[in-house]
Amino acid sequence: MVTIPGLMQALSTSNLTKTYANGNQALKGINFSVEAGDFYALLGPNGAGKTTAIGIISSLVNKSGGEVEIFGHNIDTNLEAAKSCIGLVPQEINLNLWESVHNVVLNQAGYYGLARRLAGARTEKYLRALRLWDRRDDQARSLSGGMKRRLMIARALVHEPKLLILDEPTAGVDIEIRRSMWEFLRAINAAGTTIILTTHYLEEAESLCRHVAIIDEGKIIEDAPMSTVLRKLQREVFVLSLAEPLTEAPELNGFETVLRDDCELEVDKGPAVNLNDLFAQLNKRNIEVVSLRNKANRLEELFMRLVEKKQDGFKEMVGQ
Amino acid sequence: MNVALNLVAMKTIVRKEIVRVLRIWVQTIVPPAITMTLYFIIFGNLIGRRIGTMDGFDYMQYIAPGLIMMSVITNSYGNVVSSFFGAKFGRHLEEMLVSPMSNATIIIGHVAGGVLRGVLVGLLVTIIALFFTKLEVRHPFITISIVLLSSVVFALAGFINAVYAKKFDDISIVPTFVLTPLTYLGGVFYSISLLPDFWQKVSLANPILYMVNAFRYGILGTSDIDIGTAYAILLIFVIVLFTACQQLMHRGVGIRE
């Protein structure tokens, strides 16, 4: 079991394995731990094993081996206490679509043993917080995709879990709602709820999470604080919009440059130089920069490198 | 086990089931009422008049307990199988599986829902029967306990069917090919004393025969079988089926990967 002395572990897994009946080995002995109060990103390509890991932690999938502890409660020996600590927002919409919005949340409170009066108060609290109170009498099937996702968050929070697990909560949600959900998640994390997030929007993970683990082919290939992970990224590519068109890319010491079109210059920055050097050299050449942006999100770039490294190995193996 | 938590959770499942039954009353309440009214009109009134008496009762009076029991059995079974399979199919069963309530609570909650619908429909059919014939309950305790035990047995059986079902066809196979024939051959419409010896002995292997006859004994005071045997069989079925449900839930058959 991975534990850090002196820190309360919200979750720790030890040598967690899962082999499905069809022989697919989804998890090959993963070990990771999440500190209480953390905002933790669990990333990985499709089929990497994220959802299987979350399924085991939340008791929806039977594990093949290993151990899981949630706030010190082992799921093999103290499942009831372990489950009480978790709120789950699954990847797939799993609402009773014929039930009213209000009853979806109220029933979930009942399943966690909340007395009717408290359950009613909590239902109102979280439906209001997720801006669904006005739709409380509507059937869940009448909600939009984004509203259904918010309803699943309200449902997961109604028993006020210490650990909230969100499996791609913003998939298919428009940017405005996504950003309001980020603010909401930041607020409940600040209030003390530990959050584990899986997402395909790496900008989301970089923006929200303080710790990141990357899982690929059933193994953890990276597990560190976000800042440490991002520091590993030695190179960054910037795209500069220029005020005047150029005919060819300028040669800049310490930078690789490519002219994407007349007014767009791509600059690859190595570890030994900084952006001041870049602008000094551009000033000398009277090249005026209107705006600048990262070509790719930093975490996305690192993620692709880690995952592509494995794919390159695979290509070499099959002789491509 | 946290008893208070599980009691609240069980009440929540039962309340949800009642809301479901009442929300889709056109599917859950009306069809059995219409079907049983037709049975009373056709078998009891039109054909029954030509049949005369059975075991000393007019035919309408004789079949009424069997028809009430038939509606209780089919509705208890049907409610659990459709509700639990629907939850599994729509994946909102996960709401219960992630919660700290015990497997027994999930089973008992759904069974209670099935029993409530079975009893509700049974009461409705009884009221309809009273338009056609006179019914006096001779043994109230036997009548009520047999109805409840039979309802529990078939609700548990419906639960097992739902656990194994993978598609909607799978939840209609058992009612169509097992439940309906056993009910029709379970002495609803006739006394097994009318059958040749061999078929009388074969009929004794049909558990529904014991339920129908014990219930008929409770109302009319006449039965083809021993009431003690009926209780023993029902209790054994309750224990065996509940244990099977517990095992299936524990192993996650059909519900957990």
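## Core and interface of a predicted two-chain model

In this predicted model, the largest nonpolar core holds 147 residues. Six of its residues touch the most other members: Ala154(A), Ile165(A), Val111(B), Leu156(B), Phe159(B) and Met211(B). Helix H4 of chain B, residues 59-89, gives this core its largest share, 17 residues. Apart from this core lies another, of 6 residues. Leu240(A), Leu252(A), Val267(A) and Leu278(A) are among its members.

In soluble globular proteins, nonpolar side chains tend to be buried together.

Take Ala154(A) in more detail. Neighbours within four places in sequence are left aside here. Ala154(A) is then in contact with Val105(A), Tyr126(A), Leu127(A), Leu130(A) and Leu132(A).

Next, the interface. On chain A, 26 residues are in contact with 23 residues of chain B. Three elements of chain A each supply at least two residues of the side that touches chain B:

| Element of chain A | Residues |
|---|---|
| Helix H2 | 79-84 |
| Strand S6 | 86-89 |
| Helix H3 | 101-111 |

H3(A) provides the largest share of that side, 4 residues. By class, the side of chain A that touches chain B has 12 nonpolar residues, 11 polar and 3 charged.

Finally, confidence. The predictor gives the complex an ipTM of 0.90. The pTM is 0.85. Chain B has an average pLDDT of 93. In chain B, 100% of the residues score at least 70.

How values were computed:
Residues numbered from 1 in each chain as written. Chains lettered and ligands numbered in written order. Predicted model: local features only at pLDDT ≥ 70, side-chain atom pairs only at ≥ 80, totals over all residues. Contact = placed C-beta atoms within 7 Å. Nonpolar A, V, L, I, M, F, W, Y, C, P; charged D, E, K, R; others polar. Core = buried A, V, L, I, M, F, W, Y, C linked by C-beta atoms within 7 Å. Buried ≥ 20, exposed ≤ 12 C-beta atoms within 10 Å, placed from the backbone. pLDDT = per-residue confidence, 0-100.
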